[in-house]
Amino acid sequence: MKQDIITWLKSGANAQEGVQLMKRAGAPSLALRLVSSNPSRYKKMMVEWLAQKFGIDENLSMIRQTTEVVVLKEKTKSFREEFPFLDQPDCPVELEALASRKFSRYHDYVKLHLKLRECRSLDECAKVARELLDSYMENRAIWAELNYYQKHKVILGKHPIFAAFARRKNLLVMSVKDLMKRKQQLENNIWRVQSEMKRGDKPHLDGQRRERLNAYQAELAEVNRLLDEE
């Protein structure tokens with residue numbers, strides 16, 4: 001069956017065919033129910049699960065060219081070799097932070113991928129799958145930033161980390177009065193996002209909410225640090 005998986009990947013990894021391959025491979029019933037509910041959305045998950053199960057990723061790595069095509073190419077360079085500017089003294093600090101964050105998100109992705117196999121309910125499976133997709137999407141966003149800088153030597157700046165760095169720069173020039181005002185605003189924002197997540201009425205927005213929450217909490221920590229120094 002391993003050859004069937006490789007052939008499937010090389011031919012474009014059709015989502016519906018992926019569901020059938022997972023059935024043949026003996027995927028857990030909950031995972032099958034999840035991918036069957038929306039094969040296109042969970043195609044990347046199917047690719048990762050089948051490749052890992054049959055050891056395809058030992059000598060090959062998968063890259064996603066579009067939302068519908070998955071191809072194979074031979075591994076060549078290490079991460080630092082692929083992005084040598086990360087070791088240069090003039091490397092933007094935001095990109096250094098993104099490089100570090102990329103590895104954290106990759107480890108999250110691996111852990112969530114394993115956790116998906118242990119789900120005991122469809123709701124739990126859907127929750128883990130959403131977190132898995134969030135980790136994957138951020139990982140791709142980080143790659144986009146690094147690749148753009150590698151090619152153009154200027155920052156793309158679409159990843160939220162750039163806005164976070166800009167906010168921190170603004171905090172450095174604020175007065176104590178303005179910092180106290182911003183502290184209250186951030187605490188209110190954090191309470192509001194946490195309330196939205198607790199309601200659980202729009203779980204598809206939880207990824208965005210977690211991103212906002214993390215940004216608010218990081219900025220609040222910086223505000224508190226600056227106030228402590230005054």
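A cavity is a set of points, on a 1 Å grid over the protein atoms alone, where a 1.4 Å probe fits but cannot get out, and its lining residues have an atom within 4 Å of a point. Keep that in mind for the first two close-ups. One more thing before we start: this is a predicted model.

**View 1. Inside the largest cavity.** Let's start with the enclosed spaces: the structure holds two cavities of 30 Å³ or more. The largest cavity has a volume of about 50 Å³. Who sits around this space? Its lining is made up of Met22, Pro28, Ala31, Met45, Trp49, Leu116 and Arg117. Sort that lining by class and you get six nonpolar residues, no polar ones and one charged one.

**View 2. The second largest cavity and its helix walls.** This cavity has a volume of about 40 Å³. Around it you'll find Lys44, Met45, Tyr109, Leu132, Leu133 and Tyr136. Which helix gives the most to this lining? That's H7, with three residues. Helix H4 (43-53) joins H7 in supplying at least two residues each. By class, the lining has five nonpolar residues, one charged residue and no polar ones. Met45 may ring a bell: this residue lines the second largest cavity, and it turns up in the lining of the largest cavity too.

**View 3. An open space: the second largest pocket.** Now for a pocket, with a volume of about 700 Å³. There are 25 residues in the lining, and the closest to the pocket's centre are Leu133, Asp134, Ser135, Met137 and Gly207. Two or more lining residues come from each of helix H6 (93-116), helix H7 (122-152) and helix H10 (206-229). H7 gives the largest share here, nine residues. How does this lining divide by class? It holds twelve charged, seven nonpolar and six polar residues. Leu133 is worth a second look, since it is among the residues closest to the pocket's centre and also lines the second largest cavity.

**View 4. Helix H8 and the helices around it.** H8 runs over residues 160-172, and because a helix should advance 1.5 Å a residue, its 13 residues should span 18 Å; the end C-alpha atoms are 19 Å apart, which agrees. Which residues of H8 are buried? They are Ile161, Phe162, Ala164, Phe165 and Leu171. These buried residues pack against H6, H7, helix H9 (176-199) and H10.

**View 5. Helices H9 and H10, packed against one another.** H9 has 24 residues and reaches 35 Å between its first and last C-alpha atoms, close to the 34 Å expected. H10 has 24 residues as well, and reaches 34 Å, close to the 34 Å expected. In H9, the buried residues are Leu179, Arg182, Leu186, Asn189, Ile190, Val193 and Glu196, and they pack against H8 and H10. Over in H10, the buried set is Asp206, Arg209, Leu213, Glu219, Leu220, Glu222, Val223, Leu226 and Leu227. H8 and H9 are among the elements that cover them. Just after H9, look for glycine 200, which takes a positive phi of about 65°.

**View 6. Zooming in on arginine 209.** You'll find this arginine in helix H10. Is arginine 209 buried or exposed? It counts as buried because its relative accessible area is 5%, and the cut-off for buried is under 20%. Its side chain reaches the backbone oxygen of glutamate 196 at 3.4 Å. Leaving out residues up to four places away in sequence, arginine 209 touches Val193, Glu196, Met197, Asp201 and Lys202. Two of these contacts, Val193 and Glu196, are buried residues of H9.

**View 7. Glycine 18, in another part of the chain.** This glycine lies in helix H2 (residues 15-24). Its relative accessible area is 0%, so glycine 18 is buried. Which residues does it contact, leaving aside neighbours within four places in sequence? The answer is Trp8, Met46 and Leu50. To get your bearings, compare its place with serine 195: the two are 177 residues apart in sequence and 38 Å apart in space, C-alpha to C-alpha.

**View 8. Zooming back out.** The protein has ten helices and two strands, following the pattern α-α-α-α-β-β-α-α-α-α-α-α along the sequence. Its C-alpha trace spans about 65 × 45 × 25 Å along the principal axes. Of the 230 residues, 38% are buried. Among contacts with a separation of 6 or more, 61% join residues 24 or more positions apart.

Technical notes. Residues numbered from 1 in each chain as written. Predicted model: local features only at pLDDT ≥ 70, side-chain atom pairs only at ≥ 80, totals over all residues. Heavy atoms only, no water. 1 Å grid on protein atoms, 1.4 Å probe; cavity = no way out; pocket = protein on both sides within 12 Å on 5 of 7 lines; lining within 4 Å. Points joined across faces, edges and corners; volume = space filled by probe spheres on them. Helix = DSSP H or I, 4+ residues; strand = E, 2+ residues; numbered from the N terminus. Nonpolar A, V, L, I, M, F, W, Y, C, P; charged D, E, K, R; others polar. Buried < 20%, exposed > 50% of the residue type's maximum accessible area, 1.4 Å probe, protein only. Polar contact = N/O pair within 3.5 Å; in protein donor to acceptor, adjacent residues only side chain to side chain. Contact = heavy atoms within 4.5 Å. Expected span 1.5 Å × (residues − 1).
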